[in-house]
Amino acid sequence: MARSSDTEKRSRPATTGRDIVPSDRTRKAITKRLASHTSAMTTATLATMSSRHSWFRRLSAEERSWISIVARSGIDGFVTWFSDDQTKPYRPTNIFGVAPASMTRKISLRQTVDLVRTTIDVVEDQIRTTMSRSDRQVLLNAIVHYSREVAFAAAEMYARAAERRGTWDERLESLVIDAVVRSEPDDELISRASTLGWRSGLNLCVVVGRGAGSGVGVRALRRAGEQKGLTILAATQAHRLVAVVAGEQIVDDASAVKVVAALADHFSEGPIVVGPVVDELTNAPTSARAAMAGARVASGWPEGPRVLSSTDLLPERALTGDEQAIAWLVEQIYEPLSRSTGNLMETCVAFLDHGGSVEGTGRALYIHPNTVRYRLKKIQETTGYSPNDPREAYVMRLAITFGRLHTTDQNDQHRPDLPRFPFPALG
């Protein structure tokens with residue numbers, strides 16, 4: 001048992017100067033000789049940094065001063081670590097405490113590794129050339145263990161900085177999404193989005209679906225978008241996941257739906273509604289209003305696709321009193337039919353009233369079935385909707401109904417502007 005304990009003790013990695021040189025008297029003597037060379041080591045480290053790393057030469061004078069302070073702190077820290085004065089506990093993480101917190105934003109982890117590696121190389125060279133022969137092997141052994149502790153300290157510092165930055169970014173992103181949803185675009189919206197890496201000049205749309213209830217889903221969605229060349233800002237609001245998606249692939253509403261469909265796996269089960277495409281982040285509230293309105297009524301059309309445009313839900317939105325949807329139906333379907341020539345409105349109504357029968361419509365209007373077919377084609381060209389499609393016929397029926405109510409209300413009240421309807425919203 002005693003032999004086993006001795007073996008474990010010898011195999012245990014040394015982590016302090018006391019483990020390397022147990023004798024306090026000997027260790028203090030070596031420490032004193034080592035401390036006399038720290039200034040020369042620091043000067044040599046900075047000279048080597050300048051000659052070896054181009055990024056160091058491109059730094060500002062202030063940033064180079066941070067590097068010199070950290071390098072000096074690391075070399076002095078080696079002396080303190082090796083002396084292992086138990087009355088003054090020392091941790092290698094103290095090395096980076098001398099620099100401002102913003103250093104992790106100015107100096108990358110890779111550059112910090114270059115700094116640590118170069119400093120260790122210089123210290124080893126100085127030990128070989130300036131220290132006495134009796135001290136060299138002990139100090140070379142010590143610097144190996146010390147450099148490992150410093151590497152761990154650097155990794156810990158950058159990990160903590162990344163966590164703090166990630167938490168702040170998530171809060172900032174939530175503020176951006178909240179401003180878009182609340183229709184409160186301002187100068188701060190663009191500034192905050194730019195801080196998060198938002199690229200301006202791209203078409204975008206707002207997407208609303210069910211969220212997983214944690215930041216993990218948001219981060220996964222963002223990463224998936226980056227892999228597809230998209231810029232995404234997203235946040236969870238209650239049970240919903242709201243995302244602003246921008247990219248060169250987004251040209252119109254149809255392409256936006258296609259792009260979002262490729263990201264559908266990052267939403268929870270349920271419908272995903274895509275708002276209309278807009279060209280600027282300041283216009284995103286328009287897309288958000290439509291997407292949110294569509295998400296609220298998507299359960300009214302469970303037979304629809306999982307990823308769908310807010311325009312696909314115009315009937316459900318209009319039936320709940322969505323003024324934007326009602327105005328769209330009147331302006332984009334009813335009014336073009338009303339202004340058209342060739343009795344398109346009369347033919348559309350007769351076709352819908354006769355259950356989509358061409359022959360029945362022809363008999364009702366005393367025209368040939370081929371004339372009915374010709375007019376149906378013109379109706380589709382005029383409105384973008386076909387009475388032959390059951391879903392689109394439903395949309396057209398509602399558009400005609402709302403349009404007639406609008407016309408009646410306008411005539412009754414003698415108002416030249418587009419009035420809102422007198423009946424209350426349903427639901």
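# Exercises on a predicted model

The structure holds 1 cavity of 30 Å³ or more. This is a predicted model, in which local features need pLDDT of at least 70 and side-chain atom pairs count only at pLDDT 80 or more, while totals for chains, interfaces and linings use all residues. Residues are numbered from 1 along each chain as its sequence is written, and side-chain values use heavy atoms, with hydrogens and water left out.

**Exercise 1. Describe the largest cavity and its lining.**

Step 1. A cavity is a set of points, on a 1 Å grid over the protein atoms alone, where a 1.4 Å probe fits but cannot get out; lining residues have an atom within 4 Å of a point. Grid points are joined across faces, edges and corners, and a volume is the space filled by probe spheres set on the points.

Step 2. The volume of the largest cavity is about 120 Å³.

Step 3. Its lining consists of 15 residues, and Gly-74, Ile-75, Val-116, Thr-119 and Val-150 lie nearest the centre. Two or more lining residues come from each of helix H6 (61-83), helix H8 (109-130) and helix H9 (133-181). Helices (H or I, at least four residues) and strands (E, at least two) are DSSP runs, numbered from the N terminus.

Step 4. By class, the lining has 13 nonpolar residues, 2 polar and no charged. Here Ala, Val, Leu, Ile, Met, Phe, Trp, Tyr, Cys and Pro count as nonpolar, Asp, Glu, Lys and Arg as charged, and the others, Gly among them, as polar.

**Exercise 2. Establish the strand order of the sheet and the pairings of strand E1.**

Step 1. Two strands pair if DSSP finds at least two bridges between them. The open sheet has 5 strands in the order E2-E3-E1-E4-E5, with mixed pairing. At its edges are strand E2 (231-237) and strand E5 (307-309), each of which pairs on one side only.

Step 2. E1 pairs with E3 in the antiparallel sense over 7 bridges; Cys-205 has Val-245 in E3 as its bridge partner. E1 also pairs with E4 in the antiparallel sense, over 2 bridges, and Val-207 stands opposite Val-274 in E4.

Step 3. E4 (residues 272-274) and E5 run parallel and are joined by 3 bridges. Val-274 has Ser-309 in E5 as its bridge partner.

Step 4. Helix H13 (residues 284-297) packs on the sheet and touches E1, E3 and E4. Contact means heavy atoms within 4.5 Å. The direction of H13 makes about 25° with that of E1; axes are lines fitted to C-alpha atoms, for helices over the stretch in contact, and angles run from 0 to 180 degrees between N-to-C directions.

Step 5. Because 6 of the 7 residues of E1 are buried, E1 is largely enclosed by the rest of the structure. Buried means under 20% relative accessible area, exposed over 50%, and partly exposed in between (1.4 Å probe, protein chains only).

**Exercise 3. Locate Asp-114, Asn-343 and Tyr-366, and state the exposure of each.**

Step 1. Asp-114 lies in helix H8 and is buried, with a relative accessible area of 11%. Leaving aside neighbours within four places in sequence, Asp-114 is in contact with Met-49, His-53 and Trp-55.

Step 2. Most residues other than glycine have a negative phi. Asn-343, although not a glycine, has a positive phi of about 55°. Asn-343 is found in the loop between helix H15 (323-339) and helix H16 (344-353), and is partly exposed at 42% relative accessibility.

Step 3. Tyr-366 has a positive phi near 60°. Tyr-366 is in the loop between helix H17 (358-365) and helix H18 (369-383), and counts as exposed at 77% relative accessibility.

Terms used: 1 Å grid on protein atoms, 1.4 Å probe; cavity = no way out; pocket = protein on both sides within 12 Å on 5 of 7 lines; lining within 4 Å.
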